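Hi,

Here is the structure I promised to pass on. Have a look at it first, and my notes on what turned up follow below.

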Amino acid sequence: MGILNVTPDSFSDGGKYNQSAVAAVGRINLMERQGAGIIDIGGQSTRPNAEVIKSGEESARVLPVIQAARQMGVTTPISIDTFRADVARDAVLAGANIINDVSGGLLDSLMLRVASDLQVPICLMHYRGDPATMQGLANYGGDVVEMVAAELRERCAAALKAGVYRWNIIVDPGIGFAKTPQQSYQLTKETGKFAALCCPVLGGEGTSRVQGMPAGGFAVLVGPSRKSFIGHILKDEGSSTERRLWGTAAAATAAVQQGAHIVRVHDVAEMRDVIAVADAIYR
């Protein structure tokens, strides 16, 4: 999954592609040629302490890019990176195929219904708080993997209740969101547990999995690209995020080894090669 932020303030590439829909589509075309299987377009920065813009401004950033991409012949699936139901709906109607909600449906009560009504896949990321508060909410009181999975399981159950088809649910442990660097390392190390751990259970005793779920559970997306937990271990937290390329490669390899189905990245050409070799070795 290649990242396209049409924002002025995203932590890694803010301000690069938000001035012109044509320039943004040029970036999409490049990522397609480099091997991206999905293009993730976002108009609201979700980095810590990011300004939360109004819905109309977010739509004005992303919709022209999606429309232009389809008009200019882009056929690669597009995901809309948003936590707002109205933006997600309008983006899908404009040509997006997937909803990628960093809040897992927590920040907009209508999001899961929109995904159900439109019958599109939705990625539910583990999330706490908001951009201003999330870094202070990293106390999990025990096994971070079990706790994150339990909270994600609630979001998956809510999605199923709202009518989202089980095969349209993707889970994301939310590396770097309300997580310390050490917690992000642990989640990356144990990514393989999430496919099954996030599957809701049936019955009062909570002992049986949802009927008809595949043995592996839900598809898993991991987004380690250029994040601060990589900078933390490399001791370059104050440096350009572009210096985290090879640290990202290590995290992407670990994600593949753990069975992740989708890896969200900025550096598509480099990570395509890393993931292809890791896939050949581990699968």
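Let's start with strand β3, residues 78–81, bearing in mind that this is a predicted model. Ile78 and Ile80 point one way from β3, Ser79 and Asp81 point the other way, and all are buried. That fits what you would expect, as side chains in a regular strand alternate between the two faces of the sheet.

Strand β2 (residues 39–42) is covered on both faces as well. On one side sit Ile39 and Ile41, on the other Asp40 and Gly42, and all are buried. β2 and β3 run parallel and are joined by four bridges. If you want to find the register on screen, Ile41 stands opposite Ile80 in β3, and the bridge partner of Gly42 is Asp81 of β3. β2 also pairs with β1, again in the parallel sense and over four bridges. There, Ile3 stands opposite Asp40 of β2.

Now step back to the sheet these strands belong to. It is an open sheet of eight strands with parallel pairing, in the order β1-β2-β3-β4-β5-β6-β9-β10. The edges are β1 (2–5) and β10 (262–263), each with a single partner strand, so one side of each has no neighbour in the sheet. Helix α5 (residues 144–162) packs on the sheet and touches β5 (122–125) and β6. The direction of α5 makes about 165° with that of β6.

For the chain overall, there are ten helices and ten strands. The chain has 283 residues, and 55% of them count as buried. Taking the contacts with a separation of 6 or more, 66% are between residues 24 or more positions apart.

Two helix pairs are worth a look. A quick reminder: two packed helices are described by the angle between their axes and the distance between the axes.

The first pair is α2 (residues 55–71) and α3 (residues 85–94). Their axes come within 9 Å and cross at roughly 15°. With angles under 35 degrees counting as roughly parallel, α2 and α3 are therefore roughly parallel to each other. α2 passes α3 in a right-handed crossing. On the α2 side, the contact involves Ser55, Glu58, Ser59, Val62, Leu63, Ile66, Gln67 and Arg70. These meet Asp86, Val87, Asp90, Ala91 and Ala94 in α3. By class, the residues of this contact of α2 with α3 divide into six nonpolar, three polar and four charged.

The other pair is α9 (residues 245–257) and α10 (residues 268–282). These pack at an angle of about 30°, with axes 9 Å apart, and α9 passes α10 in a right-handed crossing. From α9, the contact takes in Leu245, Thr248, Ala249, Ala252, Thr253, Val256 and Gln257. From α10 come Glu270, Met271, Val274, Ile275, Ala278, Asp279 and Tyr282. The contact of α9 with α10 has nine nonpolar, three polar and two charged residues.

Finally, a few loop residues to click on.

Ala178 lies in the loop between β6 (169–172) and α6 (181–189). Its phi is near 55°, a positive value in a residue other than glycine. Is Ala178 buried or exposed? Ala178 is buried, with a relative accessible area of 0%.

Arg226 is another residue with a positive phi, about 60°, although it is not a glycine. You will find Arg226 in the loop between β9 (219–222) and α8 (228–234). Arg226 counts as buried because its relative accessibility is 7%, and the cut-off for buried is under 20%.

Gly104 is in the loop between β4 (98–101) and α4 (111–118). Gly104 also counts as buried, at 0% relative accessibility. Which residues does Gly104 contact, leaving aside its neighbours within four places in sequence? They are Leu124, Met125 and Arg155. The C-alpha atom of Gly104 is separated by 6.9 Å from that of Tyr127, although the two residues are 23 residues apart along the chain.

Shout if anything is unclear when you open it up.

Cheers

Notes. Residues are numbered from 1 along each chain as its sequence is written. This is a predicted model: local features need pLDDT of at least 70, side-chain atom pairs count only at pLDDT 80 or more; totals for chains, interfaces and linings use all residues. Side-chain values use heavy atoms; hydrogens and water are left out. Axes are lines fitted to C-alpha atoms, for helices over the stretch in contact, and angles run from 0 to 180 degrees between N-to-C directions. Helices (H or I, at least four residues) and strands (E, at least two) are DSSP runs, numbered from the N terminus. Angles under 35 degrees count as roughly parallel, over 145 as roughly antiparallel, 65 to 115 as roughly perpendicular and the rest as oblique. A crossing is left-handed if the near helix is turned anticlockwise from the far one by less than a right angle, and right-handed if clockwise. Contact means heavy atoms within 4.5 Å. Ala, Val, Leu, Ile, Met, Phe, Trp, Tyr, Cys and Pro count as nonpolar, Asp, Glu, Lys and Arg as charged, and the others, Gly among them, as polar. Buried means under 20% relative accessible area, exposed over 50%, partly exposed in between (1.4 Å probe, protein chains only). Two strands pair if DSSP finds at least two bridges between them.
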